[in-house]
Amino acid sequence: MDLDVFVSAHRAEWDRLEALLRRQRRLNGAEADELVTLYQRTATHLSLIQSSAPDPQLTGRLSQLVARARSAVTGTRRASWRDVTRFLTQGFPAAVYKARHWWVPTALLSTAVAALLGWWIGTHPEVQASIAAPSELRELTRPGGQYETYYSSHPAASFAAQVWTNNAWAAALCLILGVFLGLPVLWILFQNMLNLGVGIGLMSSAGRLDTFLGLVLPHGLLELTAVFVAAGTGLRLGWTLIDPGPRTRRRALAEEGRAALGMAIGLALVLFVSGAIEGFVTPSGLPTWARITIGIAAEVAFLIYVYVLGGRAARAGETGDVEAAERSATVPTAA
């Protein structure tokens, strides 16, 4: 496409649209119809320029013009409780459900890595010696040691808030850094599994693996699931850059990125629940079986939420992306 010729052919329409948007008085019927027509044409022009002959200055002007026209045509939209309800009952669970082919394998492989690391550390004293001095290891693993007192070292409310913040940030990083071909996501995931593997290995070598699992499982099932969902979604986002499928790479990345942003909000809510369990249930005086039962119940509830509500919404066409009316206007482009 010859950009100069294209601009010359359509500049008058853009100028007319801008003039209509600057009108201080209320538009009459004919002017309102003209505004809608020019908005649609300009949105098409913008899409063509972005896909065929991207020019930063022209793209910026038309993007601003389309945004102003869209606001004038549709009016300012405010978030409502309907949006929140739709997100929680359809958008978020559907997005998690559709990403299951990424996060379920991620969960299985990561759990296997943590178990292997735990076995390796627990059966090799020389590896344990490289982690810390023998006296420090005894302080970590003894009854009443640091592994046990960690969960009751701070007031429950502040500890839960700190855990929630840290985990939500880790999940957000997995989602955001997925655009770098997923490589940073793998590193974040490995660090999490290494920490888990070290705990398994050291406590098993001290003959106290049951105590360690009794402390980790109540909150860890839901917490790790959220991390795996974030990591799997981040990896899918990275793969989109390599293989966008039938969509253009720009469109695929925009759609997956918007879904990932919604996923970050949803997972923050999930991690709030796991943080509350870690702050109030894990260090409580409840029997181990009761604490683990609470953790299993939370995990099962989340899986039912994803596979029942999310599966139903996904089969109905929900993708986790924003509603069509909120997306940028585009036109079909040749593959």
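Reader: In which hand does α5 pass α13?

Author: Happy to start there, with the reminder that this is a predicted model. Helix α5 covers residues 100–122 and helix α13 covers residues 288–315. Where α5 passes α13, the crossing is left-handed.

Reader: How do the directions of α5 and α13 relate, roughly parallel or roughly antiparallel?

Author: The two helices pack at an angle of about 155°, and their axes are 13 Å apart. Angles over 145 degrees count as roughly antiparallel. Therefore α5 is, relative to α13, roughly antiparallel.

Reader: Which residues make the contact, and how many of them are charged?

Author: From α5 come Arg100, Trp103 and Val104, while α13 brings Leu303, Val306 and Tyr307. Sorted by class, the contact of α5 with α13 has five nonpolar residues and no polar ones. The number of charged residues is one.

Reader: What does UniProt say about residues 102–121, and how much of that span is helix?

Author: An unreviewed UniProt entry annotates residues 102–121 as "transmembrane region", along with 168–189, 221–239, 259–277 and 289–308. In the model, the end C-alpha atoms of residues 102–121 lie 28 Å apart. Strand makes up 0% of this span, and helix makes up 100%.

Reader: How far apart are the end C-alpha atoms of residues 259–277?

Author: Residues 259–277 are also on the UniProt list of "transmembrane region" spans. This stretch is 100% helix and 0% strand. Its end C-alpha atoms are separated by 27 Å.

Reader: How do α11 and α12 run relative to each other?

Author: Helix α11 holds residues 209–242 and helix α12 holds residues 249–281. Their axes come within 9 Å and cross at roughly 170°. That angle is why α11, set against α12, is roughly antiparallel.

Reader: And how many nonpolar residues does the contact of α11 with α12 have?

Author: It helps to go class by class here. The contact of α11 with α12 includes five polar and five charged residues. Its nonpolar residues number 17.

Reader: At what angle do α1 and α2 cross?

Author: The crossing of α1 and α2 is left-handed. Among the residues that meet are Phe6 and Trp14 in α1, and Leu38 and Tyr39 in α2. The axes come within 9 Å, and the crossing angle is roughly 145°.

Reader: Which residue of α1 meets arginine 61 in a salt bridge, and why does the pair tie together separate parts?

Author: The structure holds 12 salt bridges. In one of them, the side chain of arginine 61 has an N to O distance of 2.9 Å to its partner. Arginine 61 lies in helix α3 and the partner in α1, so the pair ties together parts that are 46 residues apart in sequence. That partner is aspartate 15.

Definitions and conventions:
Residues are numbered from 1 along each chain as its sequence is written. This is a predicted model: local features need pLDDT of at least 70, side-chain atom pairs count only at pLDDT 80 or more; totals for chains, interfaces and linings use all residues. Side-chain values use heavy atoms; hydrogens and water are left out. Axes are lines fitted to C-alpha atoms, for helices over the stretch in contact, and angles run from 0 to 180 degrees between N-to-C directions. Helices (H or I, at least four residues) and strands (E, at least two) are DSSP runs, numbered from the N terminus. Angles under 35 degrees count as roughly parallel, over 145 as roughly antiparallel, 65 to 115 as roughly perpendicular and the rest as oblique. A crossing is left-handed if the near helix is turned anticlockwise from the far one by less than a right angle, and right-handed if clockwise. Contact means heavy atoms within 4.5 Å. Ala, Val, Leu, Ile, Met, Phe, Trp, Tyr, Cys and Pro count as nonpolar, Asp, Glu, Lys and Arg as charged, and the others, Gly among them, as polar. UniProt positions are given in the numbering used here, feature names are shortened, and annotations may be inferred rather than shown by experiment. A salt bridge is a side-chain nitrogen of Lys or Arg within 4 Å of a carboxyl oxygen of Asp or Glu.
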